[in-house]
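Here's a quick tour for anyone opening this structure for the first time. Keep the 3D view handy and follow along.

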Amino acid sequence: MSSCSGIKPHDDSNTSLGYLGREATQWRDTINKSYTRADKKDTTILFGGMTILQDKLVMAALQSLGENYVALPNPDFESFRKGKAFGNRGQCNPTYFTVGNLVKYLQNLQKETGMSSEEIVRKYLYVTAGGCGPCRFGMYITEYRKALKDAGFEGFRIMSFQHNEGIFQAENDEESMNFSPKFFITLIKSVLIGDIINLLTYKIRPYEVEKGSTDTAVEECYEILTDAFMQKKNLVLAMWRCRKVLEKVELDRLQPKAKVMVMGEFWAAMTEGDGNYNLHRFLESEGAECIPQPIMSRLMLSIWEAEYAAGKVEDLEDKERESIDFSNVKIKAMMKLAKAAVKTYFTMYAKAAGLHDYEIPNIEELSKLSKIYYPLDAEGGEGHLEVAHLLESVKHNLSHLVISVKPFGCMPSSAVSDGIQSLVTSHYPSANFLSIETSGEGAANFYSRVQMALFKAKQAAKEEFDALETPENIPNKVHNYLYQPKGEMAGSAAQLLTSIQTRGL
Ligand code: SF4
């Protein structure tokens, strides 16, 4: 990895950049993890990178544990430019957006408060998920340190927890950080609650009668939930109060809208902003309803990956297996526990909030669906999930269009999954599938490709709806009805009509 700060000029063109006379040295990642309990009082812990609502909810939840967690603002194009300016070449754009977002935040902080770089380094640190790849994800934390050094914040602390170990982090020298089981349980609760409110929002907003009423209701839910976290109130009750708020949004559910499953690389598919050209909002403005990918889906995949890796140990020869047998049993038991906990919390909160029909992703079933196409041993990115999502959409008639969104040159998504998707679409020619990159294409090209695929999806939604008979007297409650069982109609409006005709709703 190179850094501009240590390059000796080979010609005069570098003079203006201020490199003249500097010794060429190889940049080395120096790791500063010092954070003691005494630092706690004066340290602000920064984090970010989830959906807008989840960042805010996680902030409230973690602050309730007595530490000063602050969520960064949603990354925008300025963050991306800063990430490019201070990062290495050839990184993925989630790195540029998130690293640049931190640089931007610290630079603004310095401008607004007049704090020196040393003071900022002393008083702030950043927490993120880490991992060992196998794609460029393994380099993210080093990228943060490199960019921050070049931006003038040498020694800034980047703390990490392993994304695939969750609550069961290996013991390390970061024990002074509060990565305790309580930290993870609180974190997971806030992420799951954010997922549920987001899923409901995407079901409701396309059908709202008064523009903006869903966003106003979600803002009210955020206040209720923040208060519940901060005051340590009952979260189930808070979700029930959110349900009452969301139910007040007036809807017109009998509009045939194209249903679009948005999946792909985790960050590119999940973010709600410039990182994917505001894809979800764009689709809604074009008359579509989105099926977003909740963060829980990634969580369940990580658990499945750990279980799968443990399962592979059982295939080893007895001699090789002996030494790892115990830890293997332990991993399996822990993952079982983690899965049960996620399912229990999610079901409890979802029911309270009125999200009745959502099925928690069953990664084992999805792996069975995709394994004839995607080798399950191939890790990285979303693994077999992208292929599985397309297959489940086609086989269970879940959507009129599947968009797989990914950063330019994403190794697992563009290079592996999309290669396999060609085979899937050749076996299922009816599949309306669009793979789209977020930085290799300009915004105009991006939107026009989405519009072209959406045109076909809208036609399919309309045909599906028009083929059904509309009953004369539709009960009022139908308009706010959110139930959407699998296996019938892809469109929400067509499903409603079918439900009325076959089950009286
Ligand atoms: S999954 Fe793709 S975008 Fe994400 S870190 Fe890996 S290569 Fe980069």
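## Starting inside: the largest cavity

Let's begin with an enclosed space. In this predicted model, the largest cavity has 13 residues around it, and Gly 264, Phe 266, Gln 293, Ser 297 and Glu 382 are the ones nearest its centre. Four elements each put two or more residues into that lining: strand 5 (258-264), helix 9 (266-270), helix 11 (295-313) and helix 15 (385-396). Helix 15 gives the most, with three residues.

How big is the largest cavity in volume? It comes to about 120 Å³. As for the character of its walls, the lining residues split into five nonpolar, four polar and four charged. If you're wondering how such a space gets spotted, rolling a probe the size of a water molecule over the atoms shows where empty space is left.

## The second largest cavity

The structure has four cavities of 30 Å³ or more, so there's another one to look at. The second largest has a volume of about 90 Å³. Its lining takes in 14 residues, with Thr 51, Asn 198, Tyr 202, Pro 292 and Gln 293 closest to the centre. You've met Gln 293 already: it is also among the residues nearest the centre of the largest cavity.

Which elements supply at least two residues each to this second lining? They are helix 6 (181-204) and helix 9. Helix 6 gives the most here, with four residues, while helix 9 is also on the list for the largest cavity. By class, this lining has seven nonpolar, five polar and two charged residues.

## The chain as a whole

Now zoom out. The chain has 505 residues, and 53% of them are buried. Its secondary structure adds up to 18 helices and eight strands.

What about the outside? The accessible surface is about 23100 Å², and carbon and sulfur atoms account for 54% of that. There's also plenty to say about contacts between parts of the chain: counting contacts with a separation of 6 or more, 74% are between residues 24 or more positions apart.

## Cysteines without bridges

How many disulfides does the structure hold? The count is zero. Take Cys 242: the nearest cysteine sulfur belongs to Cys 221 and sits 3.8 Å away. A disulfide needs the two sulfur atoms within 2.5 Å, so this pair doesn't make the cut.

Is Cys 242 buried or exposed? It counts as buried because its relative accessibility is 0%. Cys 92 is buried too, at 10% relative accessibility.

## Two residues with a positive phi

Most residues other than glycine have a negative phi. Tyr 277 goes the other way, with a positive phi of about 55°. You'll find Tyr 277 in the loop between helix 9 and helix 10 (279-285). With a relative accessible area of 9%, Tyr 277 is buried, because the limit for that is under 20%.

Asn 397 is another non-glycine residue with a positive phi, near 55°. Asn 397 belongs to the loop between helix 15 and strand 7 (401-406). Its relative accessibility is 30%, so Asn 397 counts as partly exposed.

## Far along the chain, together in space

Finally, look at some long-range pairs. Asn 74 lies in the loop between strand 2 (69-71) and helix 2 (77-86), and it is partly exposed, with a relative accessible area of 24%. Which residues does Asn 74 touch, leaving out those up to four places away in sequence? They are Met 50, Ile 52, Asn 101, Thr 271, Glu 272 and Gly 273. One of these, Thr 271, is 197 residues from Asn 74 in sequence, yet their C-alpha atoms are 8.6 Å apart.

Lys 456 offers another pair to look up. Lys 456 is part of helix 17 (residues 443-466), and its relative accessible area of 45% makes it partly exposed. The C-alpha atoms of Lys 456 and Ala 258 are separated by 8.9 Å, although the two residues are 198 residues apart along the chain.

How values were computed: Residues numbered from 1 in each chain as written. Predicted model: local features only at pLDDT ≥ 70, side-chain atom pairs only at ≥ 80, totals over all residues. Heavy atoms only, no water. Buried < 20%, exposed > 50% of the residue type's maximum accessible area, 1.4 Å probe, protein only. Contact = heavy atoms within 4.5 Å. Areas by Shrake-Rupley, 256 points an atom, 1.4 Å probe, with all protein chains shown as cover. 1 Å grid on protein atoms, 1.4 Å probe; cavity = no way out; pocket = protein on both sides within 12 Å on 5 of 7 lines; lining within 4 Å. Points joined across faces, edges and corners; volume = space filled by probe spheres on them. Nonpolar A, V, L, I, M, F, W, Y, C, P; charged D, E, K, R; others polar.
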